[in-house]
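Student: I would like a close look at one helix, and then at what surrounds it. Please give the cut-offs as they come up.

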Amino acid sequence: MLVMVIGAKGQLGTALCSAFQDGEVIQVDKDTATYAVDIRDRGAVQACMDGLKPDLVINTAAEHELKVCEAHPDHSFSVNVSGALWVARACRAVNARLVHISTDYVFGGDSARRTVPYCETDCPNPLNVYAAGKLASEHLVAVNCENHIIVRTAALYGLAPCRGKGGRNFVETMLARAAAGGEIRVVDDEFTTPTYTAALARQIKVLAECAAPGLYHATCGGACSWYEFAEAIFEEMGIQANLVKSKSLEFQSEVRRPTYTVLENRHAREAGLDVMPSWRDALKDYTAARRRAADAAV
Ligand SMILES: NC(=O)c1ccc[n+]([C@@H]2O[C@H](COP(=O)([O-])OP(=O)(O)OC[C@H]3O[C@@H](n4cnc5c(N)ncnc54)[C@H](OP(=O)(O)O)[C@@H]3O)[C@@H](O)[C@H]2O)c1
């Protein structure tokens, strides 16, 4: 099977290239990759697809810096909505299966006090430009490429840096702040499920190879506040940090963020295809992989 990963240099894209390395993987990204294609360029997307004729395309490319999306909706929609549409149409034209990556942020606008995980049939209610664009992309992918798998995920971290967020992810931000010393204030009133990219990449492979077309939630199991996640990171890494609970109101932002976006992987579970570990086990795996990478670099 010929697999095309779009956004191959990114945090999730890198993990996907590893997960599919038993077959042939075409790496596509905006600048330098095996193939440089900007998904905003409809003709370039179609030409790339026509030339390579992949069996499976996984589109991870996105503008997902919330402040950039809010300030420049035209730019964010050109990547997250139009770009996703060009990829979907090009996939249909060459009969490729398309895996499209979406987000937990499509939820959260319905209730600030929710405590029940969202499943795939719950009604989305996006609060910001990024989330609205990703929801629009889901609809466009579904109607333009019948053979689609839409994967909503959340709070990613992995060995490769998150390019859209300046190379940061939450784990590395916490470790850098602990190394710098001083108080680390983290909110305990926003809830999500931290998801390790290596675990998600394995889940995407299973869905891509075995699942019926449709919408699938795919996060690690369980849920926590960002404070609890930070606490677990320091515990796993054996680091003493001056971690202090805070409230989201303390961090004023021009972008509205949901306070609860925990997802239930119901469709994958019902199909017998949910292979995601708990968020705590995934963090252990990440800690071990990070140590191995550091040892190998010495
Ligand atoms: N990170 C999270 O916590 C999170 C949570 C939920 C869902 N998601 C979704 O998961 C997906 C992957 O996220 P990630 O964390 O792996 O992001 P990432 O590290 O920023 O990777 C995105 C990749 O896409 C490329 N890209 C951006 N615009 C492009 C364009 N116009 N044409 C071609 N390639 C383009 C980027 O290249 P450049 O760096 O050169 O621009 C980058 O290599 C995204 O769809 C995101 O919306 C992420």
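How many residues does α7 have, and what distance does α7 reach from its first C-alpha to its last?

Tutor: α7 has 14 residues and reaches 20 Å from its first C-alpha to its last. That is close to the 20 Å expected at 1.5 Å a residue, where the expected span is 1.5 Å times one less than the number of residues. Bear in mind that this is a predicted model, in which local features need pLDDT of at least 70, side-chain atom pairs count only at pLDDT 80 or more, and totals for chains, interfaces and linings use all residues. Residues are numbered from 1 along each chain as its sequence is written. Helices (H or I, at least four residues) and strands (E, at least two) are DSSP runs, numbered from the N terminus.

α7 covers residues 197–210, and 10 of its 14 residues are buried. Buried means that 20 or more other C-beta atoms lie within 10 Å of a residue's own; exposed means 12 or fewer, partly exposed is in between, and the C-beta atoms are placed from the backbone. The buried residues of α7 are Thr 197, Ala 198, Ala 199, Leu 200, Ala 201, Gln 203, Ile 204, Lys 205, Leu 207 and Ala 208.

Part of the surroundings of α7 is another helix. α7 is among the elements that cover the buried residues of α1, together with β1 (2–6), β2 (24–29), β4 (56–59), β5 and β7 (156–157). Ala 15 shows this at the level of one residue. Ala 15 sits in α1, which spans residues 11–19, and is buried because 24 other C-beta atoms lie within 10 Å. With residues up to four places away in sequence not counted, Ala 15 touches Thr 197, Ala 198, Leu 200 and Ala 201, as well as Gly 158 and Ala 160; a contact requires C-beta atoms, placed from the backbone, within 7 Å. Those four α7 partners, Thr 197, Ala 198, Leu 200 and Ala 201, are among the buried residues of α7.

α1 itself is largely enclosed by the rest of the structure, because eight of its nine residues are buried. They are Gln 11, Leu 12, Gly 13, Thr 14, Ala 15, Leu 16, Cys 17 and Ala 19. Three of them, Gly 13, Leu 16 and Cys 17, are touched by Val 5, whose other contacts beyond four places in sequence include Val 25, Val 28 and Ile 58.

Both helices also appear in the largest nonpolar core. That core has 86 residues, and those with the most contacts inside it are Val 5, Ile 6, Leu 16, Val 87 and Ile 204. A core here is a set of buried Ala, Val, Leu, Ile, Met, Phe, Trp, Tyr and Cys residues joined through C-beta atoms within 7 Å. The biggest contribution to this core, eight residues, comes from α4. Of the residues with the most contacts, Ile 204 is also listed among the buried residues of α7, and Leu 16 among those of α1. In soluble globular proteins, nonpolar side chains tend to be buried together.

α1 has a second role in the picture, next to the ligand. The ligand is surrounded by 27 residues, the closest being Gly 7, Gly 10, Ala 62, Arg 163 and Gly 164; a residue is near if its C-beta atom, placed from the backbone, lies within 6 Å. α1, α4 (73–93) and β5 (97–103) each give two or more residues to this shell, and α1 gives the largest share, three residues.

α4 also leads out to less covered positions. Ala 93, in α4, is partly exposed, with 13 other C-beta atoms within 10 Å. Leaving aside neighbours within four places in sequence, Ala 93 is in contact with Gln 46 and Met 49. Asn 95 follows in the loop between α4 and β5; Asn 95 counts as exposed because it has 11 C-beta neighbours inside 10 Å. Phi of Asn 95 is near 60°, a positive value in a residue other than glycine. Most residues other than glycine have a negative phi.

For the whole, the protein comes to 10 helices and 13 strands, and buried residues make up 45% of its 298 residues.

How values were computed
Two residues are in contact if their C-beta atoms, placed from the backbone, lie within 7 Å.
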